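The report below goes through one model in terms of backbone geometry, strand pairing, helix packing and core composition. Please read it alongside the sequence and the coordinates.

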Amino acid sequence: MPLESRELTPEQAYDVQAETAALVGESIAAYKIGLTTPGARKAMAWDAPIVGRLGTSDLMQSPASLNAGGFQRFAEAELLFEIGEDFDAGDAPFSEADVAGKIAGLFAGIELCASRYEQEDVTIAELIADNSNADKLVVGDRLATGWDQRFAALPVTLVRNGHDPVSGSTSLVFDNPLKSVTWLANWLAARGEGLMRGQIVASGSCTGITELDGDEQLIAEFGDLGTASAIIAPKRR
């Protein structure tokens, strides 16, 4: 995006994001939700979460292996929700109970974020237009076949080879990740859109944002219920 992107409103930035996804030509396989903590929103001077779109080629099954790209990547351990029934925008607003009733499964996950910008100080519009830093999503073990209240505050650890583990909890996501997905369902409905059966929602980071060194071996542990893992390595010649 040129410097003129700083004049975009966040609403226009979402239009850029949606049109870019349409030009890629893949169906939306997943959504990511970012800025799900007060601290993250304060850092961006923004009062709401943000959304990114992921195509079918952006989803990877654990154990995943991918090449270290020519840009900086970040990792977040995330609780993933599988949508089991379509959401009709006309039925909004949705309650947490409405959303819980449409969840077909919960999975361990790792979101791998990346930015196409070099500068660190980006505006909220630039961040959104850049697909809210969404890049790849690693889908790990199935943790449950539906929503269960124990996932409101489940311990989560991001393990990195050669680094101290990063401890967190699902409670760091909007105080409860079900609230995060409910917010997304209503946000989409306000745009005349809806979550669809089979889509995945990355509900928000349980471990904060972890800057990666390049070569990485990552494991996201969700209590003793399951894991997701990924290896990032240089491309073989």
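## Positive phi outside glycine

L35 is placed in the loop between β1 (28-34) and α2 (38-43). The model is a predicted one, and in it L35 has a positive phi of about 55 degrees although the residue is not a glycine. With a relative accessible area of 13%, L35 is buried.

A45, which lies in the loop between α2 and β2, likewise is not a glycine and has a positive phi of about 55 degrees. Is A45 buried or exposed? Its relative accessibility is 69%, and A45 therefore counts as exposed, the cut-off for that class being over 50%.

## Cis peptide bonds

Two peptide bonds that precede a proline deserve attention when the backbone is inspected. The bond from S62 to P63 is cis, with omega near 0 degrees, and P63 is found in the loop between β3 (59-61) and β4. A92 and P93 are also joined by a cis peptide bond, for which omega is about 5 degrees; here the proline, P93, belongs to the loop between β5 (73-83) and α3 (96-100).

## Helix α1 and its covered face

Helix α1 comprises residues 10-24, which makes 15 residues, and from its first C-alpha to its last it reaches 21 Å, close to the 21 Å expected at 1.5 Å a residue. Its buried residues are P10, A13, Y14 and Q17. Viewed down the axis of α1, these buried residues fall within an arc of 105 degrees, so they line one face of the helix.

On the other side of α1, the residues E11, E19, A22 and L23 are exposed. What lies over the buried residues of α1 includes β2 (50-55), α4 (124-129) and α5 (177-190). After α1 comes G25, whose phi is positive, near 85 degrees.

## The five-stranded open sheet

Which strands make up the open sheet, and in what order? Five strands form it in the order β4-β13-β12-β8-β9, with mixed pairing. The edge strands are β4 (64-67) and β9 (166-169), each of which pairs on one side only. Neighbouring strands of this sheet are turned against each other by 20 degrees on average, with direction ignored.

Both senses of pairing can be followed in detail at β13. Strand β12 (residues 216-222) and strand β13 (residues 226-233) run antiparallel and are joined by seven bridges, with I231 of β13 as the bridge partner of Q217. Between β4 and β13, by contrast, the pairing is parallel and extends over four bridges, and A64 stands opposite A230 in β13. The side chains along β4 alternate: A64 and L66 point to one face and are buried, whereas S65 and N67 point to the other face and are not buried.

## Strands β5, β6 and β7

Strand β6 (residues 103-114) is mostly covered, since 11 of its 12 residues are buried. It runs antiparallel to β5, to which 11 bridges join it, and it also pairs in the antiparallel sense with strand β7 (residues 134-144), over seven bridges.

One residue of β6 links these two pairings. G109 is the bridge partner of E78, and G109 also stands opposite V139 in β7.

## Nonpolar cores

In soluble globular proteins, nonpolar side chains tend to be buried together. The largest nonpolar core of this model has 58 residues, and those with the most contacts inside it are F81, L112, W147, L184, L195 and F222. Its largest share, seven residues, comes from α5.

What surrounds W147 once its neighbours within four places in sequence are left aside? W147 is then in contact with L79, F81, A100, I103, L106, A152, N176, P177 and L178. Apart from the largest core lies another core, of nine residues, among them A30, A134, V139 and I200. V139 of this other core is thus also the residue of β7 that stands opposite G109.

Notes. Residues numbered from 1 in each chain as written. Predicted model: local features only at pLDDT ≥ 70, side-chain atom pairs only at ≥ 80, totals over all residues. Heavy atoms only, no water. Helix = DSSP H or I, 4+ residues; strand = E, 2+ residues; numbered from the N terminus. Expected span 1.5 Å × (residues − 1). Buried < 20%, exposed > 50% of the residue type's maximum accessible area, 1.4 Å probe, protein only. Arc of directions from axis to C-beta. Contact = heavy atoms within 4.5 Å. Core = buried A, V, L, I, M, F, W, Y, C linked by side-chain atoms within 4.5 Å. Pairing = 2+ DSSP bridges. Axes fitted to C-alpha atoms, helices over the stretch in contact; angles between N-to-C directions.
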